[in-house]
Structure formats: structure tokens, C-alpha cells
Amino acid sequence: MKMHSNTIFITGGTSGIGKGLAEAFHRLGNQVIIGGRREDRLRSVCATNPGMRHFVLDVTDLASIRNTARKVIAEFPALNCVFNNAGMQRRHDFAGGKPVDDAAVVAEIQTNLLGLIRVSSEFLPHLKNQQDAILLNVSSGLAFVPLSIFPVYCATKAAVHSFSLSLRRQLKDSKVKVIELIPPYVATELGGGATPPSGALRPMPLETFIVETMKELEGNEDEIAIGGSKNLLAATAPESVRKIFDGMNH
Ligand SMILES: NC(=O)c1ccc[n+]([C@@H]2O[C@H](COP(=O)([O-])OP(=O)(O)OC[C@H]3O[C@@H](n4cnc5c(N)ncnc54)[C@H](OP(=O)(O)O)[C@@H]3O)[C@@H](O)[C@H]2O)c1
């Protein structure tokens, strides 16, 4: 994608990957707008990055998404990129002998999947009329090979991958490029940001992840897998699967 002269709206810009990408694109001189629920965090990210703007947004709330989309588009008519990054992760034990936390399951599906679908739906009519338009969806290496302690999270990310394939196909004759960003395990606040036990898989430092992602974004790939996610994507989405997809969707 073009790395300069963009107007980019990023959901979940208050911490981790969203904040890291927001700051990296801001440093390159792009107009960056961030969304998230924690207004104090939004204000502080914008204060340390003069010119960056924010809107309070809860992606589990359709009215909040619609209001935010309307305001962002009205105030930034040059908006050409939307990054669907907001996400959450919870553990669920379906073998524990009692029902899992239903509210947590609903929040996870609404945040990671329904929110991403609704944000896409609200912004696409605008993006379709922009040059160099990008819709970037953040999935996960766990979309391809699940980690069973996070069963709902992994299912939502597999759905984000599937949704991104369909969106890309539907938009193939439009000006909108759909990118799926596939992070590995990265050190952020996700799932509480607990330090992994010794011997466990070590997270990629956030700074390294952002540098590698920015480098990859300069290219023209539709699916950008970073670090360990490269192997997971290659193993589960080989050329034969792509051929079947093309055959079914010509
Ligand atoms: N870290 C990893 O290992 C990893 C690996 C693969 C994929 N990912 C994906 O990367 C994305 C970013 O995660 P992260 O690792 O950077 O985690 P993080 O540090 O916890 O950041 C999550 C972001 O999502 C926002 N968010 C959560 N619920 C929201 C809601 N209802 N409405 C609006 N914003 C909401 C949070 O902002 P507020 O709380 O202020 O709303 C925060 O800015 C997620 O989609 C995650 O699944 C992460």
C-alpha cells in the first residue's frame, strides 16, 4: 500500500498493535484517526502525537459505529484507509463442568467479528469512492491453527479470515484493496497482557512487530503474515485451496 498521504482510521488505537500502527503511520506524515472506548487513553495517544485525532468508539455497539463512521467521514472526507484492529481475547473452559461465561463469549464475538463486519459495512460505501482505498482486517495466526484455551477467540479469527476472503472477492472490481494482517503472538495488553510462564512460547516484541508489518505493508500482498504466522498461513491455505476458491467464485 501507499505509505504516505493517507487518511487512516484505526479501531482499537489505545494500546498494542493499533496504537503502534497509528504512531508509525503518524510518523510518516499520514493523517491518523484512532478509535476506542477509553477516552483518557485516546487523549494521551493524541497528545503525544500532535495532529492525530480520536473518536470514542465501542465496536460492540452499532449506534456507536454508525455515529463514528458518520463523524469521521464528515470531518475527514479524504479518508481512504480503515484498519479493523479492535479485539479482545478470553479463556473458556468447556470441559469445566459448568457453562462458560456467556457475557464474555458474546463480547468476544461482538468485538472481534460482528464489530469488524459492521465497521466494514459502514465505511465501505465511502471507501469505494476513494483512490488508494484500503480496508485492513487484523486476524491472527490462531485463525489457522487454534489454541484451544481460547476457543471462541480462535473461531472469531477464523471467521475474520473467511470474511476477508469474501470481501476481497466482492470488491475485486472496486478501488478498495482488502488486506488481512496476520500477527503472531505479540507482547501487548491482549487477554490481560500476562507474562508467559517460562518455557512457553515467547511473544514478539511490539516494536519488532510494527517494524516488520510496516515493511510488509509497503508491498502489494493481500495477506500479510508476520513471524510464526507465516508457517501457519502457508500450511493451512496452500495453493490448492486458493484454486478451489477461485473455481467456486469465478
Ligand atoms: N497480541 C497478540 O498476540 C495478537 C496476535 C494476533 C492477533 N492480534 C490481534 O491484534 C488486534 C489488536 O490486539 P492487541 O494485541 O494490540 O491487544 P490490546 O493491546 O489489548 O489492544 C486491543 C485494542 O482493542 C480495543 N478494543 C477492545 N474492545 C473494543 C471495543 N468494544 N470497541 C472499541 N475498541 C475496542 C482496545 O481499546 P479500548 O479498550 O480502549 O476500547 C485496544 O485499543 C486484535 O484484533 C487482536 O486479536 C493480537
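This is a short tour of the model, going from the sheet to the helices and then to the ligand.

Before you click anything, note that the model is predicted, so local features need pLDDT of at least 70, side-chain atom pairs count only at pLDDT 80 or more, and totals for chains, interfaces and linings use all residues. Residue numbers start from 1 along each chain as its sequence is written.

**The sheet**

Start by coloring the strands. You should find an open sheet of seven strands in the order E3-E2-E1-E4-E5-E6-E7, with parallel pairing. Strands here are DSSP runs labelled E of at least two residues, helices are H or I runs of at least four, and both are numbered from the N terminus. Two strands pair if DSSP finds at least two bridges between them. At the edges sit strand E3 (53-56) and strand E7 (223-225), each pairing on one side only. From one strand to the next, the twist averages 15°.

Now select strand E5 (residues 133-138) and strand E6 (residues 176-182), which pair in the parallel sense over six bridges. Pick out Asn-137 and you'll see that its bridge partner in E6 is Glu-180.

Next, show helix H3 (residues 62-75), which packs on the sheet and touches strand E1 (7-11), strand E2 (31-36) and E3. The direction of H3 makes about 155° with that of E3. Angles run from 0 to 180 degrees between N-to-C directions, and axes are lines fitted to C-alpha atoms, for helices over the stretch in contact. Then add helix H7 (residues 229-236): this one packs on the sheet against E6 and E7, at about 130° to the direction of E7.

**H3, H4 and H5**

Keep H3 on screen and bring in H4. These two pack at an angle of about 25°, with their axes 9 Å apart. That makes H3 roughly parallel to H4 (under 35 degrees; over 145 is roughly antiparallel, 65 to 115 roughly perpendicular, the rest oblique). Show side chains for Leu-62, Ile-65, Arg-66, Ala-69 and Ile-73 in H3, which meet Arg-118, Val-119, Glu-122, Phe-123 and His-126 in H4. Residues are in contact if their C-beta atoms, placed from the backbone, lie within 7 Å.

Hide H3 and select helix H4 (residues 102-127) with helix H5 (residues 151-170): their axes come within 9 Å and cross at roughly 15°. H4 and H5 are therefore roughly parallel to each other. Their contact divides into 11 nonpolar, three polar and two charged residues. Nonpolar means Ala, Val, Leu, Ile, Met, Phe, Trp, Tyr, Cys and Pro, charged means Asp, Glu, Lys and Arg, and the others, Gly among them, are polar.

**H1 and H6**

Jump to H1 and helix H6 (residues 206-217), whose axes come within 10 Å and cross at roughly 55°. That makes H1 oblique to H6. In H1, select Gly-16, Ile-17, Gly-20, Leu-21 and Ala-24; in H6, they meet Leu-206, Phe-209, Ile-210, Thr-213 and Met-214. The contact has seven nonpolar, three polar and no charged residues.

**The ligand**

Last stop: which residues come nearest to the ligand? Of the 29 around the ligand, they are Gly-12, Gly-16, Arg-37, Gly-87 and Thr-188. A residue counts as near if its C-beta atom, placed from the backbone, lies within 6 Å. Helix H1 (residues 16-27) gives the most to this shell, with three residues. Color the shell by class and you get 10 nonpolar, 14 polar and five charged residues.

Key. Contact = placed C-beta atoms within 7 Å.
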